[in-house]
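Reader: Could you take me through the nonpolar packing in this one, up close? I'd like a connected account rather than a list.

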Amino acid sequence: MAERKIIAVVGATGAQGGGLVRAIAADPSGGFVARAITRDVGTDKAKALARLGAEVVAADVDDEASLRRAFEGAHGAYCVTFFWAHMSPEKEIAEAGAMARAAKAAGVGHVVWSTLDDTRRWVPLTDDRMPTLMGRYKVPHFDAKAEADHLFTDAGVPTTFLLTSFYWDNLIHFGMGPKPGPDGVLTLTLPMGEARLPGIAAEDSGRGAYGIFKAGAQHIGRTIGISGDQPTGAEMAAAMARALGREVRYQAITPDAYRAFGFPGAEDLGNMFQFYRDFERDFCASRDPATARSLNPSLQTFEQWLAANKTRIPLA
Ligand SMILES: NC(=O)c1ccc[n+]([C@@H]2O[C@H](COP(=O)([O-])OP(=O)(O)OC[C@H]3O[C@@H](n4cnc5c(N)ncnc54)[C@H](OP(=O)(O)O)[C@@H]3O)[C@@H](O)[C@H]2O)c1
């Protein structure tokens with residue numbers, strides 16, 4: 001058998017990277033092998049990836065030399081940053097720059113960079129329909145990723161720009177699931193009005209990335225958006241009601257009310273949902289499920305994701 005090409009995966013113990021490592025492992029004849037990058041090779045998550053056949057190596061996105069070593073000899077690299085670990089757009093941009101330079105130095109042939117849209121193209125800083133945050137962003141965790149796109153191009157790295165979508169898994173891990181209202185009825189609260197929300201199973205983000213690596217050179221230089229489904233808030237609530245066998249109500253609130261929730265990142269997320277809502281057509285169009293399915297035939301719809309994950313959604 002021909003030697004398998006190495007895909008170095010940043011964030012391998014996390015949602016996107018983990019999905020990619022598992023997709024590579026599930027396709028042993030696909031011609032690729034995963035190199036899982038973690039800060040600590042000794043954790044249970046890291047050991048689980050090793051058991052799947054991945055090579056597990058230590059590196060930190062804040063340590064460029066460690067990234068260079070981790071990318072050495074790799075055909076491909078999956079690059080993702082971790083905004084919610086530090087909530088600093090500047091740090092996120094610096095981390096992307098370190099990955100781009102490391103990929104160039106190591107001679108990586110194909111990078112997939114997990115990015116998002118620059119919302120300031122739609123809502124300039126002078127537009128006060130939503131507050132400007134941290135001095136020069138509308139949606140910091142989006143805008144910073146987009147701002148970093150050129151770092152890969154400037155470094156001369158062959159790159160595919162992957163526009164990811166809202167994870168359905170946020171209903172489990174990010175406190176966004178339905179909560180009992182004052183009358184006890186489960187209530188899904190989103191500042192989305194009647195707009196559609198392009199979302200995806202987190203695992204399918206990684207599977208989509210695998211499809212891009214498999215397809216190879218044709219996708220270099222392209223921006224590819226993926227989602228699994230694009231339900232409205234009301235449709236999400238109805239699907240949850242069917243899956244859970246109990247009433248689930250959708251409550252549309254204003255972005256201002258969401259921003260005022262006060263938890264860390266509430267303003268960023270309030271602006272994000274307002275961006276989804278106000279630019280629904282563009283945002284949905286850039287993430288066509290048909291594109292995602294062509295990269296990943298097992299792509300899950302929201303209903304399919306719910307069927308597999310409904311018992312994991314905290315309802316209290
Ligand atoms: N939540 C959503 O709906 C959504 C949707 C689209 C995009 N995103 C974006 O996705 C990004 C995060 O990706 P994810 O959800 O796959 O992450 P995740 O599940 O939170 O996993 C992050 C993993 O990254 C590793 N990590 C953290 N800091 C690191 C560092 N300094 N150096 C090396 N590895 C580090 C950790 O691994 P170790 O502990 O093993 O090192 C961790 O397991 C964020 O920037 C977010 O904006 C999120």
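**Inside the packing**

Author: Let's start with a cysteine: Cys-79 has a relative accessible area of 0%, so it counts as buried. Keep in mind that this is a predicted model. Cys-79 is also one of the residues that Val-111 touches, leaving aside anything up to four places away in sequence. The rest of that contact list for Val-111 runs through Ala-77, Ala-103, Phe-152, Val-157, Pro-158, Thr-159 and Thr-160.

Val-111 is a good anchor for the bigger picture, since it is among the residues with the most contacts inside the largest nonpolar core, along with Leu-20, Phe-71, Tyr-78 and Trp-113. That core has 55 residues, and helix H5 (residues 89-106) gives the largest share of them, seven residues. There is also a second, separate core, made of 37 residues, with Phe-166, Met-192, Met-272 and Phe-283 included. As general background, nonpolar side chains tend to be buried together in soluble globular proteins.

Back to cysteines for a moment: Cys-284 is buried too, at 5% relative accessibility. As for disulfides, the structure holds zero.

Now for some open space. The second largest pocket has a volume of about 230 Å³, and 15 residues line it. Nearest its centre you'll find Phe-174, Gly-175, Met-176, Tyr-258 and Phe-263. Strand S9 (residues 186-190) supplies the largest share of that lining, three residues. Sorted by class, the lining has nine nonpolar, five polar and one charged residues.

Note on methods. Residues are numbered from 1 along each chain as its sequence is written. This is a predicted model: local features need pLDDT of at least 70, side-chain atom pairs count only at pLDDT 80 or more; totals for chains, interfaces and linings use all residues. Side-chain values use heavy atoms; hydrogens and water are left out. On a 1 Å grid over the protein atoms alone, a cavity is a set of points where a 1.4 Å probe fits but cannot get out, and a pocket is an open set with protein on both sides within 12 Å along at least five of seven lines; lining residues have an atom within 4 Å of a point. Grid points are joined across faces, edges and corners, and a volume is the space filled by probe spheres set on the points. Helices (H or I, at least four residues) and strands (E, at least two) are DSSP runs, numbered from the N terminus. Ala, Val, Leu, Ile, Met, Phe, Trp, Tyr, Cys and Pro count as nonpolar, Asp, Glu, Lys and Arg as charged, and the others, Gly among them, as polar. A disulfide is a pair of cysteine sulfur atoms within 2.5 Å. Buried means under 20% relative accessible area, exposed over 50%, partly exposed in between (1.4 Å probe, protein chains only). A nonpolar core is a set of buried Ala, Val, Leu, Ile, Met, Phe, Trp, Tyr and Cys residues joined through side-chain atoms within 4.5 Å. Contact means heavy atoms within 4.5 Å.
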